[in-house]
Amino acid sequence: MGVRPIVIHGEPVLHRRAEEVAIIDDEIRSIIKDMDETLEASRGVGLAAPQIGVGLRIFNWKYPETGAAPQRGVLINPSLRIIGRISQEAPDPEDEVEGCLSAPGYSFPLKRSDHVEIAGLNPDGDEVRFEASGWFARILQHEYDHLDGYLYVNRLSERYAKRWKKVVRREGWKVPGHSWLPGVDPDPFGHDDAEDASNSPS
């Protein structure tokens, strides 16, 4: 299929736990290929299968500063362990801002752990395990949340949650049926070729 539409907040698949992948077959590999093409077209740094309407526990990423991990990758049926504690301080409104391809055009500050460990299967069925820190750790937490039916906006502090609720009402994102197509529709985050990947949504 190639690049697929990205569904937006209000679509039921985004708000329920995704199912485990029972077997990695040609259908799963085709979904992963479409996810890779969709992520590339979106100029994001991560994409979870529910964001293209597929309720399976798969996500991919494309990010240049991953440490020992590959700069591009896919995890199937991942498990994530928080290592670094999440500060109770207010998030930095400049350095801790997240965006999401399923909440296009909006970004809000959010505290995350700076250190995680993640494990899962690659498309060949081999187990993969590594630790991540910094912004890459944030990306992994963001994508893993999607597999459990959470968007980052569900974790906002009260101050920013109120702003998000106003967005949902204004955009009409309480109901299903909203999506956008990367590479065809205007980029909701206004990326250009010089955009810093650390500011990209997932």
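**Exercise 1. Work out whether arginine 43 is buried, partly exposed or exposed in this predicted model, and say what is unusual about its backbone.**

Start with the accessibility: arginine 43 comes out at 37%. Buried would need under 20% and exposed over 50%, so arginine 43 counts as partly exposed. Next, place the residue: arginine 43 sits in the loop that runs from helix H1 (26–42) to strand E2 (46–48). Now check the backbone. Its phi is near 65°, which is positive even though the residue is not a glycine. There's another case to look up: asparagine 77, also not a glycine, has a positive phi of about 50°. Asparagine 77, though, is in strand E4 (residues 72–82).

**Exercise 2. Lay out the sheet: what is the strand order, and which strands are at the edges?**

Begin with the order. Five strands make an open sheet, E2-E3-E4-E7-E8, with antiparallel pairing. For the edges, look for strands that pair on one side only: these are E2 and strand E8 (127–133). From one strand to the next, the twist averages 40°.

Zoom in on one pairing. Strand E3 (residues 58–62) and E4 run antiparallel and are joined by five bridges. Take phenylalanine 59 as a sample: its bridge partner in E4 is leucine 75. Finally, add the helix. H1 packs on the sheet and touches E2, E3 and E4, and its direction makes about 35° with that of E3.

**Exercise 3. Find the largest nonpolar core and say which elements each supply at least two residues to it.**

First, the size: the largest nonpolar core has 38 residues. Its best-connected members are Ile28, Ile58, Ile76, Phe108, Leu156 and Trp164, which have the most contacts inside it. Then the suppliers: strand E1 (6–7), H1, E4 and helix H3 (158–171) each give at least two residues to this core.

Pick leucine 156 for a closer look. Skip residues up to four places away in sequence, and leucine 156 touches Phe108, Pro109, Leu110, Ala161 and Trp164. Don't stop there: a second, separate core has 18 residues, including Ala69, Leu75, Ile118 and Leu147.

**Exercise 4. Arginine 138 is in helix H2 (residues 134–147). Is its side buried or exposed, and what does the residue contact?**

The relative accessible area of arginine 138 is 7%. The cut-off for buried is under 20%, so arginine 138 is buried. Now list its partners, leaving out neighbours within four places in sequence: Glu96, Glu98, Leu110 and Arg112. Then look at the charges. A network of salt bridges links Glu96, Glu98, Lys111, Arg112, Arg138, Asp145 and Arg155.

**Exercise 5. Count the salt bridges and trace some that join distant parts of the chain.**

The count comes to 19 salt bridges. Go through three of them.

- Arginine 17 and aspartate 148 meet at 3.7 Å, N to O. Arginine 17 is in the loop between E1 and H1, and aspartate 148 in the loop between H2 and H3, so the pair ties together parts 131 residues apart in sequence. Aspartate 148 is partly exposed, at 25%.
- Arginine 72 pairs with glutamate 40, with the closest N and O atoms 3.1 Å apart. That links strand E4 to helix H1 across 32 residues. Arginine 72 is partly exposed at 43%, and glutamate 40 is partly exposed at 38%.
- Arginine 81 and glutamate 117 meet at 3.3 Å, N to O. This one goes from strand E4 to strand E7 (residues 115–121), 36 residues apart. Arginine 81 is partly exposed at 45%, whereas glutamate 117 is buried at 16%.

**Exercise 6. How many aromatic pairs are there, and how do the rings of tyrosine 63 and phenylalanine 136 sit?**

The whole structure holds nine aromatic pairs. For tyrosine 63 and phenylalanine 136, the ring centres are 6.2 Å apart and the planes make 10°. Planes under 30 degrees apart count as stacked, so this pair is stacked. Next, the locations: tyrosine 63 is in the loop between E3 and E4 and phenylalanine 136 in helix H2, 73 residues apart. Both residues are buried. To finish, widen the view: ring pairs join Phe59, Trp61, Tyr63, Phe130 and Phe136 into a cluster.

Notes
Residues are numbered from 1 along each chain as its sequence is written. This is a predicted model: local features need pLDDT of at least 70, side-chain atom pairs count only at pLDDT 80 or more; totals for chains, interfaces and linings use all residues. Side-chain values use heavy atoms; hydrogens and water are left out. Helices (H or I, at least four residues) and strands (E, at least two) are DSSP runs, numbered from the N terminus. Buried means under 20% relative accessible area, exposed over 50%, partly exposed in between (1.4 Å probe, protein chains only). A nonpolar core is a set of buried Ala, Val, Leu, Ile, Met, Phe, Trp, Tyr and Cys residues joined through side-chain atoms within 4.5 Å. Contact means heavy atoms within 4.5 Å. A salt bridge is a side-chain nitrogen of Lys or Arg within 4 Å of a carboxyl oxygen of Asp or Glu. Two strands pair if DSSP finds at least two bridges between them. Axes are lines fitted to C-alpha atoms, for helices over the stretch in contact, and angles run from 0 to 180 degrees between N-to-C directions. Rings of Phe, Tyr and Trp (its six-membered ring) pair if their centres lie within 6.5 Å; planes under 30 degrees apart count as stacked, over 60 as edge-to-face and the rest as tilted.
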